[in-house]
Amino acid sequence: MDVPLPHLDRPFDYLVPEALDADARPGVRVKVRFAGQLVDGWLLERAESSEHPKLAYLEKVVSPVPVLSPEVARLARAVADRYAGSLADVLRLAVPPRHARAEKAVTTDTPPTDEPAPGGTEPDGSPADGTEPDGSPADGTAPADGTAPGGVPSEAADAGARPGGRAEVDPRGWRDYPAGPALLRALTDGRPARAVWSALPGEDWADRYADAVAATVAGGRGAVVVVADARDLDRLDAALTAVLGAGRHVRLAAADGPARRYRAFLTARTGGVDVVIGTRAAMFAPVRRLGLVAIWDDGDDLHAEPRAPYPHARDVLLTRAQLGDIAAVVGGYARTAEAQLLVETGWAREVVADRAVVRARTPALAPTGDDPQLARDPGAASARLPSLAWTTARDALRADLPVLVQVPRRGYVPSVACADCRAPARCPHCAGPLALPSAQGTPACRWCGRVAAAYACPECGGRRLRASVTGARRTAEELGRAFPGVPVRTSGREEVLATVPGGAGLVIATPGAEPVAEGGYGAVLLLDSWALLTRADLRAGEEALRRWMAAAALARPGTAGGRVVVVADGALAPVQALLRWDSAWFAARELAERRELGFPPAVRMASVTGAAEAVADLLAGARLPGDAEVLGPVPADEGRERMLVRVPRSRAAAMAEALHAAAGQRSARKAADPVRLQVDPLTLF
């Protein structure tokens, strides 16, 4: 039943009246009576008998279309168990809301036929090889032989006979990666290859994913590919159309609107297409004969679902690969600690280019805070645009090449401080940060929106303000004055540029909104690195490197005049990883440090947030594993507090089950104060 109460997270038996017998098929939406109310539900299966002596009847079959496939139902149950959530919550994410007109527009003359998932699961849906649903062995160690079950095959292992009648896909750009052609052949043969792909600078990742999908389709299987945002989705959409042809795939994204999203969902569910691409809304897409799941840039926080039970698209896809024994590709310019764990445990094999190829494709990278730069420019340590960055931009513009400037904050001046004592300027009403909307604008609060025209510093009484953080629009204004006559464009959340035409020009972009330039940028400037590196976040260094590499990858190779300048100290580990273009080294370093400190993904950690009494009540009723550690409390938002529960990865299922059961006990008692449960949240502090 579609009831968000943990203690009702179980199937219920109902009788099917004769009038609904034909339409009451597994997977359809139904309405039933429960506790005197008419509630929505899902028909999971039909049975000849029930253990319960007295049953109520189904009230209504909402639609005869079985939108919930058995494979997605098993996946949803596994995801709910993984994240200490309820099946009803996961099904709301898996199946979009019904749109009657869109449903009528999709041809349903041939009803969906559900094929059983390939081998690799026990009858109860749990993995048959003793590994966790997210792909890592239960004890967190690699197999004895150092290979992955279903990993990318070596050239020698791939030399066997190929099934007849299957056309081999041209590896094209995958030839730059020694294991790339073997990966495509494994996908064509239907083998469960698992890969962590580190893309080269300047790589057209959408074309490479299109090649992987084409290889999977050539083998008679389907594919699901998840990207972070609409801009990436448009690129992948165009690449797949060019490779597969029009009408061979659908895109599934919440931003496309309810009608278009539901129409695409039903097209996939009824077998109209074998390939689904989309944002995180596509991670549960019902593709028959699924052979490949893939995700691009898994470190992007847009992959994390903000609704209960807060699953991450990467983990959902890996769970799907494990349950169905299918191929998986996790790709990006940068590598996350979670992806590194897949490599180190042997569940996946890394697909990387040789260092000689990396050096040939990488732009010339330089920091501004190392000793040689400080000797030539003593002001480089404090200047926002040191002389190296300025001369690099000038040289590129003189060569009639575009210049990309990445700044971490949008707006004009998103944060101001007292010009006399440097105390942060706060709103007198709600204590929110004050910001300047423009050069002549009046300071206004970013939280409540109130204008602080007569602001006076509570520390020293000063009335003059200075910029603490400079946003993208202010940066564009400053660089426009520094380079008169040069076109200046901005790209951010308000207006995202897809591409930049050739010729000289400045592009000021926030992370994730960098447009692609024809032929690549002549220079890329990475400003305000301190804003990324000094965040109070476990993933601050990893996130900074991810954003830098995504921007630097848009530059021309060094041999073609491409240069990247990062305004940071070259001795910092994330900067070193950028300069060497070696995110795998940094990911291995991050994972080793998290193992030592006991942070995810080396362990499993759950966050319990709510009122202090409610949190204490839930944890008191939870039968946690004996080796569980309870940390906290620490302050959370809106007067609530947070407790953290940490267990080894092998005890993750027991922790999630205990927390879910405790939440069910509280809901059965009708406890007033809600508690939010999150397993492995992106933000811990």
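A residue is called buried here when its relative accessible area is under 20%, exposed when that value is over 50%, and partly exposed in between. With that cut-off in hand, and bearing in mind that the model is predicted, one can begin with Tyr209, which counts as buried because its relative accessible area is 2%.

Tyr209 belongs to one of the 12 aromatic pairs that the structure holds. A pair of aromatic rings is described by the distance of the centres and the angle of the planes. For Trp197 and Tyr209 the centres are 5.6 Å apart and the planes stand at 40° to each other, an arrangement classed as tilted. The two residues come from distant parts of the chain, Trp197 from strand E4 (residues 194–198) and Tyr209 from helix H5 (residues 205–218), with their positions 12 residues apart in the numbering. Trp197, like its partner, has a relative accessible area of 2% and is therefore buried.

Trp197 also pairs with Trp296, again in a tilted manner, with 5.8 Å from centre to centre and 50° between the planes. Since Trp197 lies in strand E4 and Trp296 in strand E8 (residues 290–296), this pair ties together parts of the chain that are 99 residues apart in sequence. Trp296 has a relative accessible area of 3%, and so this residue is buried as well. The three residues discussed so far are members of one aromatic cluster, which is formed by Trp174, Tyr177, Trp197, Trp205, Tyr209, Trp296 and Tyr333.

Aromatic rings take part in another kind of arrangement elsewhere in the model, where the charged end of an arginine sits over a ring. The charged end of Arg82 is placed in this way over the ring of Tyr83, at 4.5 Å from the ring centre, and that of Arg580 over the ring of Trp585, at 4.3 Å from the centre.

The next region to consider is marked by cysteines that carry UniProt annotations. An unreviewed UniProt entry lists Cys418, Cys421, Cys457 and Cys460 under "binding site". These cysteines span 43 residues in sequence, yet they gather at one spot, because no two of their C-alpha atoms are more than 8.7 Å apart. Cys418 is found in strand E13 (residues 415–418), and its relative accessibility of 0% means that this residue counts as buried. Beyond its neighbours within four places in sequence, Cys418 is in contact with Ala423, Cys457, Cys460, Gly462, Arg464, Leu465 and Arg466, a list that includes two further cysteines of the annotated group. Cys421, by contrast, is found in the loop between E13 and strand E14 (434–435), and at 33% relative accessibility it counts as partly exposed. With neighbours within four places in sequence again left aside, the contacts of Cys421 are Cys457, Glu459 and Cys460.

The unreviewed entry also gives the annotation "binding site" for Cys427, Cys430, Cys445 and Cys448. Although these cysteines are spread over 22 residues of sequence, they cluster in space, and the largest C-alpha distance among them is 8.5 Å. Cys445 lies in strand E15 (residues 444–445) and is counted as buried because its relative accessibility is 6%. Apart from neighbours within four places in sequence, Cys445 is in contact with Cys427, Cys430, Gly432, Pro433, Leu434 and Arg450. Cys448 is found in the loop between E15 and strand E16 (465–469), where its relative accessibility of 32% makes it partly exposed. Not counting residues up to four places away in sequence, Cys448 touches Cys427 and Cys430.

The path ends at an open sheet of four strands, which has the order E24-E25-E23-E26 and antiparallel pairing. Strand E24 (629–635) and strand E26 (675–679) stand at the edges, each with a single partner strand, and therefore one side of each is left without a neighbour in the sheet. From one strand to the next, the twist averages 20°. Strands of a sheet pair through backbone hydrogen bonds, either parallel or antiparallel. Within this sheet, strand E23 (residues 603–610) and strand E25 (residues 641–648) pair in the antiparallel sense over eight bridges, and Gly610 stands opposite Glu641 in E25. Helix H18 (residues 612–621) lies across E23, E24, E25 and E26, and runs at about 135° to E23.

Terms used:
Residues are numbered from 1 along each chain as its sequence is written. This is a predicted model: local features need pLDDT of at least 70, side-chain atom pairs count only at pLDDT 80 or more; totals for chains, interfaces and linings use all residues. Side-chain values use heavy atoms; hydrogens and water are left out. UniProt positions are given in the numbering used here, feature names are shortened, and annotations may be inferred rather than shown by experiment. Buried means under 20% relative accessible area, exposed over 50%, partly exposed in between (1.4 Å probe, protein chains only). Contact means heavy atoms within 4.5 Å. Rings of Phe, Tyr and Trp (its six-membered ring) pair if their centres lie within 6.5 Å; planes under 30 degrees apart count as stacked, over 60 as edge-to-face and the rest as tilted. A charge sits over a ring if NZ of Lys or CZ of Arg is within 6 Å of the ring centre and within 35 degrees of the ring normal. Two strands pair if DSSP finds at least two bridges between them. Axes are lines fitted to C-alpha atoms, for helices over the stretch in contact, and angles run from 0 to 180 degrees between N-to-C directions.
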